Amino acid sequence: MTTPRPTPAIDRIDDLDALRGFALLGILLVNIAFFASAYHGSGLTDPAFDGWWDRFVPGLVRTLCETKFYLLFSFLFGYSFSLQMESARRAGSAFVPRYLRRSAGLALLGIGHALLLFHGDILLTYALLGLLLLALRDVTPKTAVYLSIVLLAATALSWALVGLAIGETDPMVPTPEIHAAVERVTAAYRSSIGTTIAQHALEMRSTMWLLLGLIQAPCALAMFLLGLAAAKGHYFTRLAGQRKQLWRMLALGTPIGLAGAWCYNTLNTPPVQPGSSLLGLAISILTAPALTGAYVAALLLFLHHPKGKGAALGAWLAPAGRMALTNYLLQSVVCAYVFTAWGWALMGALAPPQVFLFALLIYLAQLWLSRWWMRSHGYGPVEWLLRALTHGRRPPWRRMTGQP
């Protein structure tokens with residue numbers, strides 16, 4: 001058996017980390033809106049913040065971020081799954097027990113995250129879907145791609161049919177009852193830690209199982225499979241050095257992705273009509289992977305610029321991506337402290353542009369903290385804990401001298 005050359009592997013991992021670091025921004029911009037206002041996701045606009053900028057900023061996030069960045073994380077999850085299999089093979093250890101321990105740890109983190117901090121947690125979903133990926137780990141790259149396409153198409157078609165069946169029979173109008181319900185949710189998140197946890201549990205039982213289980217889960221699994229196929233074909237390594245292929249992906253994905261994103265935003269701009277909203281969702285399910293791919297191509301093109309112009313950006317993004325799990329949870333910790341009863345309880349108090357700027361500040365702080373931390377540590381704090389559980393032994397806490 002021939003040993004892979006070290007240079008491409010290192011480049012590939014750096015690219016993966018940089019993409020994870022980039023994805024953290026999109027995830028934060030989407031998630032922070034749920035922390036900042038109970039009106040987000042209700043189909044209505046907060047009457048206290050109804051100016052032009054107050055509508056433009058959420059529309060921008062809906063168009064460019066919603067349904068796109070969790071796809072990137074999912075693709076990278078599937079790619080990393082293959083790397084973990086290869087790592088276990090090189091170490092001569094059984095992969096399945098190791099991966100099951102990792103999934104159990106991820107599930108526990110997800111349950112705690114969902115109940116204590118953010119009911120929109122994706123970690124538990126990833127842990128459960130990872131078991132399906134484990135069962136499908138031996139499929140060929142061609143079969144994995146085929147299954148992902150079928151999953152996306154079937155999910156989009158299902159929600160399009162539901163949207164057409166609903167039609168405009170149940171339009172969303174700003175009634176006093178809906179506003180009163182939003183006020184009750186806001187009061188729960190601002191009252192006490194106990195009511196905050198209870199509201200998280202209620203949200204998980206009433207709505208999040210639908211969003212995560214019937215929308216995000218099949219799309220995430222599809223991207224898992226695409227990532228698995230890409231890793232098996234060493235596609236990522238080859239792609240990083242093929243600028244023409246990246247330009248082709250960018251040129252193809254941008255118009256398709258932006259057209260779908262525009263439809264999604266238009267059909268989900270408050271006040272939302274449920275039938276139209278689901279049609280917009282179906283369009284987004286089909287086209288969001290194209291825009292996600294365009295983001296990937298654009299970033300890789302810049303990171304691998306012939307004159308080295310992207311090196312500085314990669315040096316900031318990669319450390320954040322290497323501790324992406326820690327950063328994902330840290331985002332929720334900060335947002336929960338600022339917007340719920342865990343701290344300042346400012347839910348409903350900040351306008352969307354203020355929330356957007358606050359998200360950028362959090363992200364910039366995370367880039368700095370991640371770079372500082374990774375100078376002297378091999379893993380982020382949560383990654384260290386998960387790795388210890390996965391391997392059944394305590395990994396080094398500090399980076400060893402000479403370690404890359």
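Which side chains meet Arg 20 in a salt bridge, and what is the N to O distance? The side chain of Asp 17 does, at 3.0 Å, N to O. The points below start from that pair and then move through the helices, the loops and the cysteines.

The model is predicted: local features need pLDDT of at least 70, side-chain atom pairs count only at pLDDT 80 or more, and totals for chains, interfaces and linings use all residues. Residues are numbered from 1 along each chain as its sequence is written, and side-chain values use heavy atoms, with hydrogens and water left out.

1. Arg 20 and Asp 17. A salt bridge here is a side-chain nitrogen of Lys or Arg within 4 Å of a carboxyl oxygen of Asp or Glu. Arg 20 and Asp 17 lie three residues apart in helix α1 (residues 6-36), so they are separated by about one helical turn. Helices (H or I, at least four residues) and strands (E, at least two) are DSSP runs, numbered from the N terminus. Both Arg 20 and Asp 17 are buried. Buried stands for under 20% relative accessible area, exposed for over 50%, and partly exposed for values in between (1.4 Å probe, protein chains only).

2. Other salt bridges. By this rule the count comes to four salt bridges. Arg 55 and Asp 50 form one of them, at 2.8 Å, N to O. Arg 55 is partly exposed at 36% relative accessibility, and Asp 50 is partly exposed at 42%.

3. The α3 network. Arg 89 and Glu 86 also meet in a salt bridge, with 2.3 Å from N to O. The two are three residues apart in helix α3, so about one helical turn separates them. Arg 89 is partly exposed, with a relative accessible area of 42%, and Glu 86 is partly exposed, with 30%. Glu 86, Arg 89 and Arg 90 are joined into one network by salt bridges that share partners.

4. Helix α8. What does helix α8 (residues 193-232) span between its end C-alpha atoms? The span is only 46 Å, whereas a straight helix of 40 residues would span 58 Å at 1.5 Å a residue. The expected span of a helix is 1.5 Å times one less than its number of residues. Helix α8 has a kink of about 60°, centred on Met 208. The bend at a residue is the angle between axes fitted to the seven residues ending there and the seven starting there. His 234, just after α8, takes a positive phi of about 50°.

5. Helix α6. Helix α6 (residues 141-166) has 26 residues and reaches 38 Å from its first C-alpha to its last, close to the 38 Å expected at 1.5 Å a residue. Its buried residues include Ala 144, Ser 148, Leu 152, Trp 159 and Gly 163. The buried residues of α6 pack against α8 and α11, where contact means heavy atoms within 4.5 Å. Gly 167, just after α6, takes a positive phi of about 60°.

6. The loop before α11. Pro 270 and Pro 271 are joined by a cis peptide bond, with omega about -5°. Pro 271 sits in the loop between α10 (243-267) and α11 (274-303). Ser 277 belongs to helix α11 and counts as buried at 16% relative accessibility. Not counting residues up to four places away in sequence, Ser 277 touches Leu 267, Asn 268 and Val 272.

7. Positive phi outside glycine. Thr 67 has phi near 65°, a positive value in a residue other than glycine. Thr 67 lies in the loop between α2 (52-64) and α3 (69-91) and is buried, with a relative accessible area of 19%. Ala 345, likewise not a glycine, has a positive phi of about 55°. The loop between α13 (324-339) and α14 (352-374) holds Ala 345, which counts as buried at 11% relative accessibility.

8. Cysteines. The structure holds zero disulfides, a disulfide being a pair of cysteine sulfur atoms within 2.5 Å. Why is Cys 335 not bonded to the closest cysteine sulfur, in Cys 65? The two sulfurs are 14 Å apart, too far for a bond. Cys 65 is buried, with a relative accessible area of 9%, and Cys 335 counts as buried at 1% relative accessibility.
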